[in-house]
Amino acid sequence: MTVLEVRNLQKSFGSIKAVQDISFSVHAGEVFTIIGPNGAGKTTTLEMIEGLVSPDNGVIHFGELDWNKHAVSIKKKIGVQPQSSAMFDLLTPEENLNLFASFYDHARPTEEILEIVNLTEHRKNHVKKLSGGQRQRLAIGLALISDPEIIFLDEPTTGLDPQARRNIWDIILHLKELGKTTILTTHYMEEAEKLSDRVCIVDQGNVITLDSPSALIEKLTDEREIRLSFLDGEKAAEDADGFSKELASVSKTEREGAALKIWASKPEETLLDLFKFTKDKSYGVEQVSIREMSLEDVFIAFTGKEWRD
Amino acid sequence: MNTLHQFKMMFLAQLKLTLREKQAWFWGIFFPVILMVIFMVIFSGNSDEEFKTEVAIVEPSPNPASEMMLSQISELPVIEVKSGKPVTRKKAEEWVKDQEVDAAIILPESAEASSVLLVVNKENEQGAAAQAVSGILDKFVQQANLLAAGASPKYDLQYESITSGTNELDYTDFLLTGMIALSIAQGGMFGMVDLVEMRRKGLIKRLRMTPANMGIFGLSDMVMRLLFSIVQIILLSLIGVLVFGANLYINTFTLIIVFLIGALSFNALGYFFSSFSKTTEAYMGVANICSFLMMFLSGVFFPIETMPEWIQPISAVLPLTYFADGLRESMVYETGIATASLWAGIAVMVIWGAVTFLLGSVLYKRKTIAADR
Ligand SMILES: Nc1ncnc2c1ncn2[C@@H]1O[C@H](COP(=O)(O)OP(=O)(O)OP(=O)(O)O)[C@@H](O)[C@H]1O
Ligand SMILES: [Mg+2]
């Protein structure tokens, strides 16, 4: 079931085309991730969907509801954590949550939210005195207070330490278990791969591609990159380079000193052959790896650009 | 029910924010109190320092007693007799009215008459000069009594004041009501900086993502501000009355009307500033200029009549002039609500409030994006 559909969204700020043409639909219960470099138009897209920015063009439907006729109903259905977390700095997390809870008819209990975002300990400190990560968690808490069906998280983990980031991943996965729909943006490919049912890659205001992480990677070539480095130095690497070039499944090699990179469509077979060769020659090999393709490669393949965090 | 709950929660939040904001306390409470105390101490004249004062002397019909007094007064080092000789009573009173002299001394009409009359301008009755002349004259009269033959004191000092206009209040009352007007006005003009700050931080945007009723939010904010102003009135009045002996005769109904209209108008002015200020600094700049101008042009510290003629038309259009006047009417003269001049002042404030509020709303609308649907 589709809970949100956006079609041909467009938005310009003066001469800047922030969003050129973005369409997608989000299914109930999924984690839908929008990923893209800085300035790609992620926040602008979300803000149009959240009713904060009016699109120059395009349609936004929450099932039967749209902003022109059902603004209040939509606001009750969604929970938003904006990229720049705004809250009352002179109130405590508890007071912020209580205040936001009063805007809704069926809010979740504040203690529950504090527990979820792990702020119970800090519930009586002024927000002003919280760390960046704690603020971020409170912002997520504020998005959850209304027990929304659809949750928008704009870069929920940017600037968090690994522990806190994993903490937020747990929250998102927990929401998924509860059957909530989450739409999030991120710069971290790893995060997108781990959490999302589907990923929408955007660049310069356009959707580059959209699918489940595994499908996206499979769409790429089945070639893998093998890396080896030789204990016996450059000579051994040169020999092995020559040998592997003869193999059928190898398309390309690259050597740098004692390190060798081989691109092969059947990496396991290639490795087997290579090890036979090194054993015969009794070359010592250290650091062997097959690099898995990631969303980063997907991005590079589609845009021809380096992925930069 | 939900609306009521929302109002309650929003009001509580506003209350906590105000209580926790040190700036609010400093500028809203501490600063006006200090300013008022400084002005009252300086200008209510309890200082003993050397000074010279100019007086007019009236000798209705020269007689031995008056001749003797005249020569002695002329010799007092601190009193300078204007034009060096007695003048007519009419002339002297004119000088007092125009504040060309600090006081007029009217000598006894005959050797039998027993009183010396001191005429001062009501507006600086409590001023340093008037106090000093009266004090000096008091001593002088005592001496004269001793000199005069006879058992019982012969001369006593009678005190009379002349007023140059409708003003019939002493400086303490004047300054107290002026300070109350000023602090409420500043509360409105500076207070709306919160709005700029909330907008800059994205809090307004954040609230708009929720179904929160922004009207209720505005209302709770307004109620909080009015309460804060009431605290200002009470605190300043208490200090004025208890420490500096101000006399207040309050017409509660008039006071409530003037207070509400004034406070709302100045908040509207602040709202207007906030609608075109992108940063707190920009807002504070505008608010500072306006508050500074009004502070000195609206008769807060000194009566407008004492200012140069060419400035007075400016005062006549400033809302603070009428707010201060209205507060004086309602807190010092006990003026009833059915007074034409009072309503003229209220009208000026209403116009300022309505125009700035509308302008502010238009500017806000123009900039606001889809948010308000
Ligand atoms: N209010 C605005 N006025 C002018 N330009 C804007 C505005 N908001 C966004 N832009 C521009 O639109 C483009 C897209 O911005 P957006 O914030 O949507 O990017 P983003 O994908 O969220 O980036 P990031 O990863 O840095 O958060 C940028 O070039 C930005 O400069
Ligand atoms: Mg963004």
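How much area does chain A expose, and what share of it do carbon and sulfur atoms supply? I started my notes here, and the answer is about 14,100 Å², with 46% supplied by carbon and sulfur atoms. A reminder to myself before going on: this is a predicted model.

**Entry 1: chain A overall**

I looked up the secondary structure of chain A and found eleven helices and 13 strands. Its C-alpha trace spans about 75 × 45 × 35 Å along the principal axes. Of its 309 residues, 53% count as buried. I also checked how far apart in sequence the contacting residues lie. Among contacts in chain A with a separation of 6 or more, 68% come from residues 24 or more positions apart.

**Entry 2: chain B overall**

Next I put the same questions to chain B. The secondary structure there comes to 14 helices and five strands. Chain B has 373 residues, and 49% of them count as buried. For contacts between residues at least 6 apart in sequence, 79% join residues at least 24 apart. The exposed area of chain B is about 18,100 Å², and carbon and sulfur atoms supply 64% of that.

**Entry 3: ligand 1**

Which residues are closest to ligand 1? I find N38(A), K42(A), T43(A), T44(A) and H187(A) listed as the closest, in a surrounding set of 14 residues. Sorted by kind, the shell holds five nonpolar, seven polar and two charged residues.

I then asked which elements supply the shell. In chain A, β2 (16-27) and α1 (42-49) each give at least two residues. The biggest giver is α1(A), with three residues.

For the polar side of things, I noted three distances to oxygen atoms of the ligand. T44(A) has a polar side-chain atom 2.5 Å from an oxygen atom of ligand 1. For T43(A), a polar side-chain atom sits 2.6 Å from a ligand oxygen atom. In the side chain of Q83(A), an N or O atom is 2.9 Å from an oxygen atom of ligand 1. As for cover, ligand 1 on its own has 630 Å² of accessible area, and the protein covers 63% of it.

**Entry 4: helix α3 of chain A**

Is α3(A) mostly covered or mostly open? This helix, residues 93-101, is mostly covered, with eight of its nine residues buried. The buried ones are P93(A), E94(A), E95(A), N96(A), L97(A), L99(A), F100(A) and A101(A). I was curious about what does the covering, and both chains take part. From chain A, the cover includes α4 (110-116) and α5 (132-144). From chain B, α1 (2-20) and α8 (203-208) are included too.

**Entry 5: Q14(B)**

Since α1 of chain B had come up, I picked one residue in that helix, Q14(B). Why does Q14(B) count as buried? Its relative accessibility is 8%, and buried means under 20%, so Q14(B) counts as buried. Leaving out residues up to four places away in sequence, Q14(B) touches F217(B), S220(B), D221(B) and M224(B).

**Entry 6: cysteines**

How many disulfides does the structure hold? I found zero over all chains. I looked at two cysteines anyway. C200(A) counts as buried because its relative accessibility is 0%. C290(B) has 23% relative accessibility, so it counts as partly exposed. That value falls between the 20% and 50% cut-offs.

Technical notes. Residues are numbered from 1 along each chain as its sequence is written. Chains are lettered from A and ligands numbered from 1 in the order in which they are written. This is a predicted model: local features need pLDDT of at least 70, side-chain atom pairs count only at pLDDT 80 or more; totals for chains, interfaces and linings use all residues. Side-chain values use heavy atoms; hydrogens and water are left out. A residue is near a molecule or strand if one of its heavy atoms lies within 4 Å of it. A polar contact is a pair of N or O atoms within 3.5 Å; within protein, one must be able to donate a hydrogen and the other to accept it, and residues adjacent in sequence count only if both atoms are side-chain atoms. Accessible areas come from the Shrake-Rupley method with a 1.4 Å probe; for residues, only the protein chains shown count as cover. Helices (H or I, at least four residues) and strands (E, at least two) are DSSP runs, numbered from the N terminus. Ala, Val, Leu, Ile, Met, Phe, Trp, Tyr, Cys and Pro count as nonpolar, Asp, Glu, Lys and Arg as charged, and the others, Gly among them, as polar. Buried means under 20% relative accessible area, exposed over 50%, partly exposed in between (1.4 Å probe, protein chains only). Contact means heavy atoms within 4.5 Å. A disulfide is a pair of cysteine sulfur atoms within 2.5 Å.
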